[in-house]
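Hi,

Here is the structure I promised to pass on. Have a look at it first, and my notes on what turned up follow right below.

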Amino acid sequence: MNRRAQLSALLALPMLWLIGIYIFSLVMLLVTAFWVTDPFTSKVKPGFTLRNFEQIIANPAYATTSLRTLGIALAVTVLSILISVPLGIFMAKVASPKLRAILAVAITLPLWAGYLVKILAMRITFTEEGFFNSMLGPLGISGPGFSIVTVVLTLTYLWLPYMAVPVYTAIRQLPPNLFDASSDLGAGAGFTIRTVVLPLIKPAIIAGSIFTFSLSLGDYIAAKFVGGSTQMIGSIIASNINLNPPIAAAFSLVPIAFVVIYLLSVQRTGALERM
Amino acid sequence: MRSKIMTGAAFIAVAALALTGCSAATDSTATGGLSIDVPDIPMLEELGEMESEVNIVAWSGFVEPAWSDAFTEETGCTVNRRVAGTSDEMVQLMRTGDYDLVSASGDASLRLIAGGDVQPINLDLVPNFGDDIVEGMKGQIYDTINGQSYGVPIGRGANILQYNSDVVTEEPTSWDVAWELDSPYAGEIIAYDAPIYIADAAVYLMAHEPDLGITNPYALDQEQLDAAIDLLKQQNTIVSEYWADPAAQITSFAGGTTSLGTSWEILRKLTDDDKFKSVLPEEGSTGWSDAWMIATESESPNCAYAWVDYTSSAEVNGAIATNFGMAPANAAFCDTSDEAAAHCEYFNATDEEYFSNVWFWTTPIEQCIDGRTDVTCTNFQQWTDAWLSVKS
């Protein structure tokens, strides 16, 4: 009895949080997606209609924006992996302890700055007369301006630590004798990375990718400030949230579906259990 | 490099501070004899005892201690301010029933009136609303429905064509440089990021495609809306950016990404650089004007009326207009000092000819506000849906 009371006391706060904040708001969101909006006064009335979902399917703007956002999120994830793996190997296995500490601080440093500050810094960097063009202009290279490319670069900049830190930690934990064994058996560095390191750090990469993927999927401030005319799922939700909340709710199920599909597909690989 | 970024960040921060909430704007245009169905809400006949407080939803810069403290001292009404960033947010906030007053722009006001969220205003109880209110702001559709006033004007401004005179060496006389594919500035054009921007396309079509028969950019039937969307899609291929955030617009011009595009006088002024110039092109333009509106369910109607009257006086109205950067509604302000006169001159406060070419933001509704009865016009919800397809 006493034990049970202790257990409930222990779980009360997390359960209240999970059910009261997470589950309840998600259910409300789902319910709102079936409500109707008065087209003139934009007042929301409880009811049941599938019109919001029909509209999302009928208007091609929703589909193209969803696909574009998915592409951006995948590109950010791939780019983060391409940067994090070599960086992690270098930090864990090559760099001196001092350099390793410096690099670890350098990777996590951006996390200490405000999100908006970082996006505005990227905006200034990529503006026509900005840092990028003034540094590389003399070499005949001109920047991507404000475009989808800049959105991918900015989101990678924002979310890289979430990939780099778990990947680095995973590589750090690899026993050094695995590398010795691999090289004793005659494998080169590239072969060792491909057949020993990558399979062992796959759970870390997947853990990181869940962050980079879902964070990119939900972002729209980056598109707003450095995207030029790039439109993401969040941009559409934001422009509808006050005017037509039901359609915003219906559309916000799209990124949720993407993330669920992504989680299910990585779960099949068995990576989640080892996270 | 670091200092360059820091300078830039500081600049943005300052601009953002100066402008927060300034993404405001709205209003509409006069059409006589138009009748719109609105809920029957009683008007206050006479003032009573002051309550203890008044809750106001306003654009940034409209309610500041510089003039609200004196109001509290005079009337005993404590002023609680809530700054809103967009018209849609204002409408939602007013519907919570927690607020007495709103500084509604024209694209919000019709929705508020039709939704029964604001009450008719008895102008007899607002003595400061008098002969000095500029002609162009009296009895406009966005605050006066069926002859009944619902709002007391605060100020107005036009959406102008701003350009970088280093790049655009000759002053443009037409909006064509911002709309046509053969514009010499293709790729360096900035456009406004909101469904109401469809009206800007309609203003251009009004002058260049007379066959479409557009007579009011806020009264578009389906065919006219489609034409405007086609024009916006064409423009989408030559824009550098869309702006909704004033700080982003300023940095886009200052950073060289953008050479010309839609702007407000106050934003041009904030660039603090003479190479940026502005013009009201021959086609005319859209614009916005704001008005105080009182909530139907207001718990402090007397304080609300007192605030509306207080802020309609020449001095306070002028202070708001100067702080926000717009043309004041009360023309008497312009005679109060040399600075005031300069402000009025700069913002064309009393120049009705200037504003006769400006179509103030209005909520598009199914009933055609240009007087046509043989067609159904597109409503704001349809505009919002159509706007999504422009950028995709």
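The buried residues of H3(B) have a cover that includes strand E1 (53-58), strand E3 (101-105) and helix H4 (106-114) of chain B. Before going further, bear in mind that this is a predicted model. Which residues of helix H3 (residues 87-95) of chain B are buried? They are Ser87(B), Asp88(B), Met90(B), Val91(B), Gln92(B) and Met94(B). If you step just past H3(B), you reach Gly97(B), which has a positive phi of about 80°.

E3(B), one of the elements in that cover, is itself mostly covered, with 5 of its 5 residues buried. Both of its faces are covered: Leu101(B), Ser103(B) and Ser105(B) are buried on one side, and Val102(B) and Ala104(B) are buried on the other.

E3(B) also pairs with other strands. It is joined to E1(B) by 2 bridges, and the two run parallel. With strand E12 (residues 285-294) of chain B there are 5 bridges, and here the strands run antiparallel. Val102(B) is a handy residue to click on: it is the bridge partner of Val57(B), and its own bridge partner in E12(B) is Met293(B).

Elsewhere in chain B there is an open sheet of 5 strands, in the order E9-E8-E10-E7-E11, with mixed pairing. Which strands stand at the edges? Strand E9 (239-243) and strand E11 (276-279) of chain B do; each has a single partner strand, so one side of each is left without a neighbour in the sheet. From one strand to the next, the twist averages 30°. The pairing of strand E7 (residues 160-164) of chain B with E11(B) is antiparallel and has 4 bridges. To find that pair on screen, look for Asn164(B), which stands opposite Phe276(B) in E11(B).

Now over to chain A, where I looked at how helices pack on H7(A). As a reminder, two packed helices are described by the angle between their axes and the distance between the axes.

Take helix H4 (residues 97-112) of chain A to begin with: its axis and that of H7(A) come within 9 Å and cross at roughly 130°. That angle makes H4(A) oblique to H7(A). Their crossing is left-handed. On the H4(A) side the contact is made by Ile107(A), Thr108(A), Pro110(A) and Leu111(A), and on the H7(A) side by Tyr157(A), Pro161(A), Ala164(A) and Val165(A). Sorted by class, this contact has 7 nonpolar residues, 1 polar residue and no charged ones.

H5(A) packs on H7(A) too, at an angle of about 140° and with the axes 10 Å apart. Why does this pair count as oblique? An angle of about 140° does not go over 145, the limit for roughly antiparallel, so H5(A) and H7(A) are oblique to each other. This crossing is right-handed. H5(A) brings Lys118(A), Ile119(A), Met122(A) and Phe126(A) to the contact, while H7(A) brings Thr150(A), Thr154(A), Tyr157(A) and Leu158(A). By class that gives 5 nonpolar, 2 polar and 1 charged. Tyr157(A) of H7(A) turns up in the contact with H4(A) and in the one with H5(A).

Then there is Phe146(A), in the loop between helix H6 (131-136) and helix H7 (148-172) of chain A. Is Phe146(A) buried or exposed? Phe146(A) is buried, because it has 29 C-beta neighbours inside 10 Å, and 20 or more is what the label asks for. Setting aside neighbours within four places in sequence, its contacts are Phe126(A), Val226(A), Gly227(A) and Gly228(A) in chain A and Ser240(B), Glu241(B) and Thr257(B) in chain B.

Those chain B partners lead on to the contact between the chains. How many residues does each chain put in? Chain A gives 30 residues and chain B gives 33. On the side of chain A that touches chain B, helix H3 (60-94), helix H5 (115-126) and helix H11 (233-240) of chain A each supply at least two residues. H5(A) has the largest share there, with 5 residues. The residues on that side divide into 12 nonpolar, 14 polar and 4 charged.

Cheers

Technical notes
Residues numbered from 1 in each chain as written. Chains lettered and ligands numbered in written order. Predicted model: local features only at pLDDT ≥ 70, side-chain atom pairs only at ≥ 80, totals over all residues. Buried ≥ 20, exposed ≤ 12 C-beta atoms within 10 Å, placed from the backbone. Contact = placed C-beta atoms within 7 Å. Axes fitted to C-alpha atoms, helices over the stretch in contact; angles between N-to-C directions. Parallel < 35°, antiparallel > 145°, perpendicular 65-115°, else oblique. Left-handed = near helix turned anticlockwise from the far one by under 90°. Nonpolar A, V, L, I, M, F, W, Y, C, P; charged D, E, K, R; others polar. Pairing = 2+ DSSP bridges.
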